[in-house]
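Here is a short tour of a model, from a ligand site through the interior to two single residues and a helix. Have the structure open as you read.

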Amino acid sequence: MSATFTEPRPSGALLLLGEGSDLRSERGVECTGALPPASDPDLVERARVARAALGDRAFVLGHHYQRDEVIALADVTGDSFKLAREAAARPDAEYVIFCGVHFMAESADILTHDGQAVVLPDLQAGCSMADMADIAQVEEAWEVLADAGVADRTVPVTYMNSTAAIKAFTGRHGGTVCTSSNARVALQWAFDRTGGVDGDGKVLFMPDQHLGRNTAVLQLGMGLEDCVVYDPRRPAGGLTERELRDARMILWRGHCSVHGRFSAENVAQVRERVPGIHVLVHPECKHEVVAAADQVGSTEHIIRALDAAEPGSAWAIGTELNLVRRLAASHPELAVHYLDSTVCFCSTMNRIDLPHLVWAMEELAAGRVVNRITVDADDAHWARVALDQMLALPAPAPTTAG
Ligand code: 13P
Ligand code: SF4
């Protein structure tokens, strides 16, 4: 049995985990089919059989924030940058099974050819940050910039965590996509198009204000006063024309609900508790957290830093819990701490679980393509322009802050 909310959802009504969908949401497609119960003792074996039946016809991508049991079935794991490249590099796979979130699967669809189907095992696996910017709001913001006389000096840069429609907007207006791995090179590229970091050009950075601010201030040497926050829920973004003209970085008011919870007090407390500890955080954390940390980097960077760490050293990690738990387990020679014990898993990443993955693989093995993610041709064309621009940027160097 599945449920679909086509009418306004009764206040307080929750969807059953794994069943139904909210048609008003960005992902708005019903998740059809009977899922195996999570209690099925044969789930792991069913997964193994379905995966073997699919063979080389399928390629399974797993983001670093996925559950252990999903990571165990992934052909490759990575951050959003690496997974975008991996998807683009598998033209022979008929099915790309994306164990991650919706915007990543959209990007994979754009980067693969029409004969390949990108499948997201649970269509409810979205991203609350990506949902903080919709295309109508972005078009309106661009008009606000035009009215202030600054649109022609502004390059849009959108984080990978955004809808395909916003990536397409970015491609149409000569901008680029970036990820947490390459935000510095992407911003440098964008400013170089309008007279350099010391010129008077601007970047409209969407939708994560923290990644934009952290990169501009800590890596490009700008001041906090060069950044303004555009709030899509306020008239003209809540900014005066003067503020828009004076700004270098126009930051969309969006944030990650997981990383946004780490605080500067967490950093101070862990340093007091564990003298000499290295604090390593994701750039989606607030500016004061990143400024107080020793290092900042994408999920791939965090993994590499721990792989290279001195045995016996202590590390406090500020990113999603699934990844930190795996890092702690795979590095018994290190003391790996979670930066704040009240911050937990990304609930939408966690929607991809064994029942959904088994269901999707069994359906594909039976010749039924389920939960296919497709982007319409016009958006796909322009989003690809912005994604290709990102893939053409120079390789990102490791980042350090604090
Ligand atoms: P990465 O770019 O590090 O994979 O991060 C993606 C993401 O969603 C982080 O919250
Ligand atoms: Fe989105 Fe944050 Fe989850 Fe990443 S961790 S998918 S940014 S909500």
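Let us begin at the ligand. Tyr65, Cys127, Ser128, Met129, Asn161, Cys256, Glu284, Cys346 and Met349 surround ligand 2, where a residue counts as near if one of its heavy atoms lies within 4 Å. Six of these residues are nonpolar, two are polar and one is charged; Ala, Val, Leu, Ile, Met, Phe, Trp, Tyr, Cys and Pro count as nonpolar, Asp, Glu, Lys and Arg as charged, and the others, Gly among them, as polar.

A word on conventions: this is a predicted model, in which local features need pLDDT of at least 70 and side-chain atom pairs count only at pLDDT 80 or more, while totals for chains, interfaces and linings use all residues. Residues are numbered from 1 along each chain as its sequence is written, chains are lettered from A and ligands numbered from 1 in the order in which they are written, and side-chain values use heavy atoms, with hydrogens and water left out.

Now to the interior. The largest nonpolar core has 115 residues, of which Ile97, Phe205, Met249, Val279 and Leu339 touch the most other members. Such a core is a set of buried Ala, Val, Leu, Ile, Met, Phe, Trp, Tyr and Cys residues joined through side-chain atoms within 4.5 Å. Helix 14 (residues 354-365) gives this core its largest share, seven residues; helices here are DSSP runs of H or I with at least four residues, and strands are E runs of at least two, numbered from the N terminus. Separate from it is a second core of 20 residues, including Ala133, Ala148, Ile166 and Leu244.

Two residues make a handy pair to look up. Buried means under 20% relative accessible area, exposed over 50% and partly exposed in between (1.4 Å probe, protein chains only). Contact means heavy atoms within 4.5 Å, and the contacts below leave aside residues up to four places away in sequence.

| Residue | Place | Relative accessible area | Contacts |
|---|---|---|---|
| Asn350 | loop between strand 15 (335-338) and helix 14 | 12% | Arg67, Glu320, Asn322, Phe345 |
| Thr154 | strand 7 (residues 154-159) | 5% | Trp142, Leu145, Lys202, Val203, Leu204 |

The C-alpha atoms of Thr154 and Phe345 are 36 Å apart, with their positions 191 residues apart along the chain.

Which helix is largely enclosed by the rest of the structure? Helix 4 (residues 102-111) is, because ten of its ten residues are buried. Its cover includes strand 3 (58-63), helix 3 (80-88) and helix 15 (377-392).
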